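Please read this briefing alongside the sequence and the model. The points are grouped by topic.

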Amino acid sequence: MRIDLHTHSSASDGTDTPADLVRAAKAAGLDVVALTDHDATSGWTEAAAAADEVGIGFVPGLEISTKFRHRGVHLLAYLPDPTHPPLVGALDRIIAGRTERTPAIVAALRRHGIAITEDDVRRESGGSVAAGRPHVADALVRLGVARDRTQAFTDLLDPGRPGYANRYAADLEDMIPLVTAAGGVAVIAHAWGRRGRSLLDEQALAGLRDQGLAGIEVDHQDHSPADRSELRDLARRLDLLVTGSSDYHGLGKVDHDLGVNTTDPEQYERLLSLAGAAR
Ligand SMILES: [Zn+2]
Ligand SMILES: [Zn+2]
């Protein structure tokens with residue numbers, strides 16, 4: 001059984017529609033796929049229908065933008081009630097923050113001498129609930145300013161670069177109990193990617209577990225083999241479940257093909273039973 005628990009569709013910053021993504025998952029030989037768009041549940045219905053059609057398992061999820069000790073942390077939330085009012089309120093606030101951020105980024109890039117407009121970004125964001133930095137990156141590629149998304153981020157959009165603008169993110173320590181209250185299962189995405197190792201050390205993860213954190217995404221392209229084996233040991237010590245995923249973005253991210261990392265079926269069963277218990 002091949003299970004991929006982290007993917008993005010055009011409901012956020014992926015390039016496949018939710019239905020196309022599910023069909024691609026089937027074609028890639030997956031038995032179960034989760035859709036985890038950034039701060040958005042809008043792709044779930046379409047993805048679930050496509051999964052029924054092609055006969056694979058579907059897990060509705062989200063990847064929520066949070067902050068912990070002033071640093072960004074992505075929190076995966078599986079199977080929460082998408083109508084749970086506090087969760088809906090928190091997601092609306094995050095999306096509003098991102099929508100307000102794009103004009104600030106465009107203005108900063110223009111001050112830096114790059115002739116980009118908000119229209120250029122809108123052209124890239126299409127069906128997404130809110131234009132975000134990946135769409136700015138795509139616009140920079142189209143304008144010939146950057147070679148690809150990665151270069152756009154490293155040169156211009158990452159913290160400390162000329163096009164960086166801060167934005168609202170929910171507090172991780174508020175979001176974990178909120179996801180749990182909504183019947184969902186909270187898992188930290190790519191915990192040690194992007195210099196996360198010092199931020200999310202064993203002590204921090206133990207504290208988050210006590211607040212309701214259920215697991216850590218261990219097998220992810222941002223983790224070296226050494227990171228993975230250390231994180232796996234750590235998860236075992238803390239009794240956290242371990243997931244593995246592609247973080248697929250369609251054409252939006254290279255080296256993240258569907259099923260490139262997968263989740264152990266036993267861990268998947270445990271995740272489902274936690275979601276069931278929360279209900
Ligand atoms: Zn992420
Ligand atoms: Zn992701």
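What follows covers the metal sites, three buried loop residues and two helices.

This is a predicted model, in which local features need pLDDT of at least 70, side-chain atom pairs count only at pLDDT 80 or more, and totals for chains, interfaces and linings use all residues. Residues are numbered from 1 along each chain as its sequence is written, chains are lettered from A and ligands numbered from 1 in the order in which they are written, and side-chain values use heavy atoms, with hydrogens and water left out. The zinc ion (ligand 1) and the zinc ion (ligand 2) lie 3.5 Å apart, bridged by Glu-63.

**Zinc ion (ligand 2)**

- His-6 (NE2), His-8 (NE2), Glu-63 (OE) and Asp-247 (OD) coordinate the zinc ion (ligand 2) at 2.0 to 2.2 Å.
- Donors are N, O and S atoms within 2.8 Å of the metal (3.2 Å for Na, K and Ca); water is not among the atoms, so sites may look incomplete.
- The arrangement of the four donor atoms around the zinc ion (ligand 2) is irregular, because they subtend angles of 79 to 171°.
- Four donors count as tetrahedral if all angles lie between 85 and 135 degrees; four count as square planar and six as octahedral if opposite donors are over 155 degrees apart and all others between 65 and 115; anything else is irregular.
- Along the sequence, the donor residues of the zinc ion (ligand 2) have the spacing H-x1-H-x54-E-x183-D.
- The pair His-6 and Glu-63 links distant parts of the chain, 57 residues apart: His-6 is in the loop between strand E1 (3-4) and helix H1 (18-27), and Glu-63 is in strand E3 (residues 57-68).
- Helices (H or I, at least four residues) and strands (E, at least two) are DSSP runs, numbered from the N terminus.

**Zinc ion (ligand 1)**

- The zinc ion (ligand 1) has as protein donors Glu-63 (OE), His-74 (ND1) and His-190 (NE2), at 2.1 to 2.2 Å.
- Glu-63 lies in strand E3 and His-74 in strand E4 (residues 71-78), so this pair ties together parts that are eleven residues apart in sequence.
- The spacing of the donors of the zinc ion (ligand 1) along the chain is E-x10-H-x115-H.
- Glu-63 and His-74 are both buried, where buried means under 20% relative accessible area, exposed over 50%, and partly exposed in between (1.4 Å probe, protein chains only).

**Buried loop residues**

- His-6 is buried, with a relative accessible area of 0%.
- The side chains of His-6 and Glu-63 make a polar contact at 3.1 Å.
- A polar contact is a pair of N or O atoms within 3.5 Å; within protein, one must be able to donate a hydrogen and the other to accept it, and residues adjacent in sequence count only if both atoms are side-chain atoms.
- His-6 and Ala-34 are 28 residues apart in sequence, and their C-alpha atoms are 5.7 Å apart in space.
- Beyond four places in sequence, the contacts of His-6 (heavy atoms within 4.5 Å) include Thr-36, Leu-76, His-190, His-220 and Asp-247.
- Asp-39 lies in the loop between strand E2 (32-38) and helix H2 (44-54), and is buried with a relative accessible area of 2%.
- A polar atom of the Asp-39 side chain lies 2.9 Å from the backbone nitrogen of Ser-65.
- Not counting residues up to four places away in sequence, Asp-39 touches several residues, among them Glu-63, Leu-91, Ile-94 and Arg-98.
- Ile-116 is placed in the loop between H3 and helix H4 (118-125), and counts as buried at 0% relative accessibility.
- Residues touched by Ile-116, not counting those up to four places away in sequence, include Val-106, Leu-109, Val-136 and Leu-143.
- Ile-116 and Asp-210 are 94 residues apart in sequence and 45 Å apart in space, C-alpha to C-alpha.

**Helices H3 and H10**

- Helix H3 (residues 85-111) has 27 residues, which should span 39 Å at 1.5 Å a residue; its end C-alpha atoms are 40 Å apart, which agrees.
- The expected span of a helix is 1.5 Å times one less than its number of residues.
- Gly-113, just after H3, takes a positive phi of about 95°.
- Helix H10 (residues 225-238) has 14 residues and reaches 20 Å from first to last C-alpha, close to the 20 Å expected.
- Asp-227, Arg-228, Leu-231, Leu-234, Ala-235 and Leu-238 are buried in H10.
- These residues lie on the same side of H10, because they cover an arc of only 130° around the axis, the arc being that of the directions from the helix axis to the C-beta atoms.
- Pro-225, Arg-236 and Arg-237 are exposed on the other side of H10.
- The buried residues of H10 pack against helix H8 (196-199), helix H9 (202-210), strand E7 (215-219) and strand E8 (241-244).
- Asp-239, just after H10, takes a positive phi of about 55°.
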